[in-house]
Structures are given as C-alpha cells and as structure tokens.
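Please open the model in a viewer and keep the selection tool at hand. The tour proceeds stop by stop, each with a selection to make and a description of what is found there.

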Amino acid sequence: DSVIDWARDHRMHHKYSETDADPHNATRGFFFSHVGWLLVRKHPEIKAKGHTIDMSDLKSDPVLRFQKRHYLLLMPLACFILPTYIPTLWGETLWNAYFVCAIFRYVYVLNVTWLVNSAAHKWGDKPYDKNINPVETKPVSLVVLGEGFHNYHHTFPWDYKTAELGHYQLNFSKLFIDFMATIGWAYDLKTVSTDVIEKRVKRTGDGSHKEWGQEIKEKISQE
C-alpha cells in the first residue's frame, strides 16, 4: 500500500481495535490477523468507518501524495527491480540477486511485519493494560527491530518510541527516528512521562512490569 493507505488502516486499527472495523481484527484468529485479512474482502464496517478517519495531515504532504499517485511504478522499482539489479554490479548472478535480495527479503519482511498484527496480539505480557489484547513480546521486537512492545504501543499510541525503553536494545526503530531528528528530518516527537506510565501500570497493568509489577502482585494477593 501507499503510505497514506497504510496509515489509514493503522489508524483504523487503533481507533476500532479488535472490532469488525479493525482491518486485521485479532479476535478473528491468528491466521486472519497475520495475512488472512489481505486475502478476503474488507468487512463492511471497515468501509463504513474508514471515511471517518482524518487523513488531512498526510494528504497535505506533497511527497506522500507523489508516492500514492505513482505507487504502481515506485513499488516494483524499489521492491524488486533495484534490489535485483544492484547486486549484479559487483558480480552477483541475476538469479541469486532476484531470489535472495528481492523475493526472500520481500517475503521475510512481510511476515515479520505481520507478526506485529498476529503474535503481538496473542502471546506475551500486559504490563500496561491487561484489558486489551496487544502484548509485550521480545521475539517479535527482535525480528521487527522494535515494534513488539505492543501493549505499550496500544496504551500510549502517541509515543514515537512505541516502547517504554529509553535505550536502543531491541528498538532500532527508535534509533532511526532519533537519527532523523538529529539531522532535522523528524520533529515534534511525542513521548510519555515516567509518572504517567507508573500510574497507568499500577491502575491497569497485569503485574508483569519489571519495576512496578511486584507492587501490583502484592496488592492482588492481599485482596
């Protein structure tokens, strides 16, 4: 999808998470949330409520409008043609370049990305909000470079880090954004204060938080 189309689906996913208006509703099963949602027609609720999502901020960006307008040309060029051609410049065979740098890379990146929609909504801890499906899963964070801290992301969706972690361990996405901010290509980065996180953990967490979780467990045991 174009950036604008992907962002619309992602905003739908957050606003209507785990409902029929969620494009990859995890309550419909692992396969559906992983890839099945791309193989069937969208639920009528998605089409009905999709028009309510404000996309004016992205549609006003000339670069994103250009990418959407020329998507059918840019996607195969950037995704298949260039990754196949460039390795041949240093002697790689055309077939190896095509199957490894284009096809294998494409399939791998798709599936690890989809794990955020599937595995990160199924197996893991819920230190920030035990009442929602998204979880914290380090294996997913490892393969997708930081997007597996999903319970945090759904609890605090405005935090650019998508995780409580302030360092770069298992969160190279943050490293990339911080670098872009350093050179002036990313700005107005939003985050969440420690005080707000602590209060939310103690109010709705499942007790698995490494710093404040024990306090929750002790409170539960006394009840």
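**Aromatic pairs**

Across the whole structure, which is a predicted model, a search returns 10 aromatic pairs. Begin by selecting Y98 and F99: their ring centres lie 5.2 Å apart with the planes at 70°, so this pair is edge-to-face. The angle decides the label, because planes over 60 degrees apart count as edge-to-face. Colour the two residues by accessibility next. Y98 has a relative accessible area of 32% and is therefore partly exposed, and F99, at 46%, also counts as partly exposed.

Move now to F156 and W158. Here the ring centres are 5.7 Å apart and the planes meet at 85°, so the pair is again edge-to-face. Is F156 buried or exposed? With a relative accessible area of 3%, F156 is buried, whereas W158, at 45%, is partly exposed. Extend the selection to Y128 and Y152, which form one aromatic cluster together with F156 and W158.

**A charge over a ring**

Select R28 and F32. R28 lies over the face of F32, at a distance of 3.9 Å from the ring centre.

**Nonpolar cores**

Which residues make up the largest nonpolar core? Select I4, A7, M12, Y16, A21, I46, I53, M55, L58 and L64, the 10 residues of this core. Helix α1, spanning residues 3-15, is the element that gives the most to it, with three residues. Centre the view on L64: apart from neighbours within four places in sequence, L64 is in contact with V3, I4 and L58. A second, separate core has eight residues, among them Y128, F156, V201 and W212. Two of these names have already appeared on the tour, since Y128 and F156 also belong to the aromatic cluster.

**Annotated spans**

Finally, select by annotation. An unreviewed UniProt entry assigns "transmembrane region" to residues 71-90 and 96-116. In the model, residues 71-90 are 75% helix and 0% strand, with the end C-alpha atoms 29 Å apart. For residues 96-116 the figures are 100% helix and 0% strand, and the end C-alpha atoms are 29 Å apart.

The unreviewed UniProt entry also lists "domain: Fatty acid desaturase" for residues 5-157. Select this span and display its two ends: their C-alpha atoms lie 19 Å apart. The span is 57% helix and 0% strand.

Notes. Residues numbered from 1 in each chain as written. Predicted model: local features only at pLDDT ≥ 70, side-chain atom pairs only at ≥ 80, totals over all residues. Heavy atoms only, no water. UniProt positions renumbered as here; feature names shortened; annotations may be inferred. Helix = DSSP H or I, 4+ residues; strand = E, 2+ residues; numbered from the N terminus. Phe/Tyr/Trp six-rings, centres within 6.5 Å; stacked < 30°, edge-to-face > 60°. Buried < 20%, exposed > 50% of the residue type's maximum accessible area, 1.4 Å probe, protein only. Lys NZ or Arg CZ within 6 Å of the ring centre and 35° of its normal. Core = buried A, V, L, I, M, F, W, Y, C linked by side-chain atoms within 4.5 Å. Contact = heavy atoms within 4.5 Å.
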